[in-house]
Amino acid sequence: MVTTVSVWILGDQLLVRHPALLAAEARVGRAAVTVLLVESEARLAQQRYHRRKLVLILSAMRHYAAALRAAGYRVDLRRAPDFATAVREHLAEHGADRMIAMAAAERGTRALQHALAHDLPLELLPNTQLLCGQHDPLPGTPITRRVVLETFYRAMRRHFGVLLDDAGAPLGGQWNYDAANRRPLPRTVGVPPAQQFAPDSITLATIDEVQQRAGVGDAAGFDLPVTHDDARRALAGFIAGRLSRFGDYEDAMRADDGVLFHSVLSPALNIGLLEPLEVIRAAERAYHVGDAPLNAVEGFVRQILGWREYMYWQYWRIGEHLVTANAWGAHRSLPAFFWHGSSDMHCVATVVQRVHQTGYAHHIERLMILSNLCMLAGITPAHVNDWFLASFVDAYDWVMVPNVFGMGLNADGGGVATKPYIASAAYIDRMSDYCAGCRFNPRIRHGPDACPFNVLYWNFLIAHEARLRANPRFGPAVLGLRHLDVAERAAVQQAAIALLAGWSGEPPP
Ligand code: FAD
Ligand code: SF4
């Protein structure tokens with residue numbers, strides 16, 4: 001008969017109602033449950049990470065341990081060389097008859113859990129952090145069938161009853177308000193200050209510790225929520241202060257503000273301090289009480305119930321070969337300026353420096369500046385993925401791999417996103433104020449003042465003309481090539497060769 005049970009909770013599973021905790025308690029009662037939380041040296045050093053990400057995870061785990069102890073659980077928070085050592089030592093020391101854990105969201109740790117379950121009394125529960133782990137909206141879809149975001153998102157909305165009327169139709173009569181959500185941001189529109197959460201003594205000690213470790217960026221100035229209460233305050237602050245304009249300016253960029261009307265909730269969501277459905281319901285409520293318009297609320301819900309879930313679903317559906325995909329034959333090294341942030345390109349320098357400082361850039365800067373540049377320049381997808389994983393505070397394999405290989409670089413040839421997200425300087429100029437402060441000219445295609453985005457964009461179109469023309473969602477853009485005669489095509493190609501030769505691909509410092 002089982003008498004004591006251990007529950008192993010990973011650092012990105014800090015849920016209030018963790019399924020393994022609930023299961024253990026139901027079986028043996030709270031007093032017989034010990035929770036294991038592991039600070040694994042191997043995991044922390046698996047690769048370079050942004051120091052703010054290390055502070056976030058370690059401090060949130062330490063706060064979680066304190067909250068569990070206060071709620072009457074025994075907690076074994078231990079530093080160990082690796083997860084396997086910690087689990088074995090914990091079981092030997094605590095004499096638990098059984099250990100329960102929730103399957104990891106990412107592939108590597110889940111494989112390790114399965115390996116441990118072969119020779120230890122470890123029971124794995126399905127991962128329910130993501131809503132599609134609770135309900136697969138399109139079960140049994142063969143990998144050969146292309147599933148677009150819209151199909152997946154509508155199925156999720158129907159199942160979870162989000163933004164629907166009594167007849168089950170979408171509120172407002174439309175599923176999608178994207179067309180209304182692409183406005184540039186006029187200077188006259190003020191942006192509320194970003195929310196900050198002052199570090200307490202646990203977080204301050206963690207910052208000191210992490211500053212001594214190898215990593216990217218600086219942990220000083222860390223201001224993210226690390227408890228459930230603070231994460232809920234961050235959510236409430238976003239709903240009250242920024243959600244109403246999220247839709248209108250979702251794609252806008254501004255040189256002096258890297259957040260604008262975005263939520264910055266991904267760091268908390270990705271480690272379980274917030275759950276997707278509570279965020280979605282909070283946004284829905286804001287619409288029903290008249291605090292935010294439908295285009296804003298639907299746009300925001302689409303990010304969480306749509307894109308976030310879809311990425312996780314595709315990560316597990318497409319499987320491991322996503323990380324070796326390279327459909328556009330990109331083989332150049334990542335330019336060194338991604339690591340040091342020094343570049344004449346105003347948009348790139350600003351965003352990279354901000355990422356080094358904070359570990360954050362909003363979606364359009366990630367997509368239309370950083371990964372756009374990498375795709376146009378033909379940077380090896382794995383190098384791009386490594387840089388994103390090292391640089392962002394919300395980076396985890398399950399969300400990074402489909403975003404970088406699928407959405408950002410189209411390296412899977414269109415399994416995740418139906419078209420390559422590439423654009424010239426015209427897009428960046430329209431959606432931001434970066435170009436006004438840049439030494440390059442966003443309207444020139446080649447020559448010493450030509451914007452590198454233009455040189456590389458037209459070079460890319462020339463190099464891949466036939467293939468792009470065949471893509472119904474991209475084909476019309478290629479028609480612009482008819483304005484380039486043979487001489488201009490040659491000039492663009494020469495400019496691209498010279499530009500890329502000047503970008504040294506040094507290894508990270
Ligand atoms: P908001 O704009 O406020 O959106 C709300 C929430 O929607 C986000 O918090 C996030 O949870 C979710 N969301 C929106 N788009 C996506 C998406 N494409 N995939 C997953 N979730 C989404 N997101 C990560 O959480 N971790 C990553 O490592 C990551 N890497 C990315 C790399 C690239 C190349 C690209 C193009 C996107 C990446 N994203 C990643 C998705 C998205 O850019 C971030 O989730 C978002 O910018 C986080 O900021 P926010 O919380 O202010 O988002
Ligand atoms: Fe960026 Fe080109 Fe605009 Fe400069 S001109 S800010 S490099 S898009």
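## Notebook: ligands, cavities and a pocket

I began with ligand 1, where an oxygen atom of the ligand is 3.1 Å from a polar backbone atom of serine 266. I note at the outset that this is a predicted model, and I read each distance below as a value computed from it.

**Entry on ligand 1.** I looked up two further contacts, and found that a polar side-chain atom of histidine 262 lies 2.7 Å from an oxygen atom of ligand 1, while a polar side-chain atom of asparagine 403 lies 2.9 Å from a nitrogen atom of the ligand. I then listed the surroundings: 27 residues are around ligand 1, and those that come nearest are His262, Ser263, Val264, Tyr360 and Met400.

**Entry on ligand 2.** I asked myself which residues are around ligand 2. I found Met345, Cys347, Ala425, Ile428, Tyr434, Cys435, Cys438, Phe440, Cys451 and Phe453, and when I sorted this shell by class I counted 10 nonpolar residues, with no polar and no charged ones. Ligand 2 sits in the second largest cavity, so I turned to that cavity next. 

**Entry on the cavities.** I recorded three cavities of 30 Å³ or more in the structure. The second largest cavity has a volume of about 100 Å³, and of the 14 residues that line it, Cys347, Cys435, Cys438, Phe440 and Cys451 lie nearest its centre. Two or more lining residues come from each of α15, α19 (425–431) and α20 (452–463), and by class the lining holds 12 nonpolar, two polar and no charged residues.

For the largest cavity I noted about 310 Å³ of space and a lining of 20 residues, of which Gly11, Asp12, Arg43, Ile57 and Phe83 lie nearest the centre. I found that β2 (33–40), α2 (41–44) and α3 (51–70) each supply at least two residues of this lining, with α3 giving the largest share, five residues. The lining of the largest cavity divides into 12 nonpolar, three polar and five charged residues.

**Entry on the second largest pocket.** I looked up its volume, which is about 540 Å³, and its lining of 25 residues, where Ala194, Asp223, Val259, Val264 and Thr358 lie nearest the centre. Helix α15 (residues 346–358) gives the most to this lining, with three residues, and I sorted the lining into 12 nonpolar, seven polar and six charged residues. I also asked where the second largest pocket lies with respect to domain 2 and domain 3. Because domain 2 (133–192 + 242–308) and domain 3 (337–501) both give residues to its lining, I placed the pocket between them.

Terms used: Residues numbered from 1 in each chain as written. Chains lettered and ligands numbered in written order. Predicted model: local features only at pLDDT ≥ 70, side-chain atom pairs only at ≥ 80, totals over all residues. Heavy atoms only, no water. 1 Å grid on protein atoms, 1.4 Å probe; cavity = no way out; pocket = protein on both sides within 12 Å on 5 of 7 lines; lining within 4 Å. Points joined across faces, edges and corners; volume = space filled by probe spheres on them. Helix = DSSP H or I, 4+ residues; strand = E, 2+ residues; numbered from the N terminus. Nonpolar A, V, L, I, M, F, W, Y, C, P; charged D, E, K, R; others polar. Domains from an automatic or database assignment. Near = heavy atom within 4 Å. Sits in = over half its atoms within 2 Å of the grid points. Polar contact = N/O pair within 3.5 Å; in protein donor to acceptor, adjacent residues only side chain to side chain.
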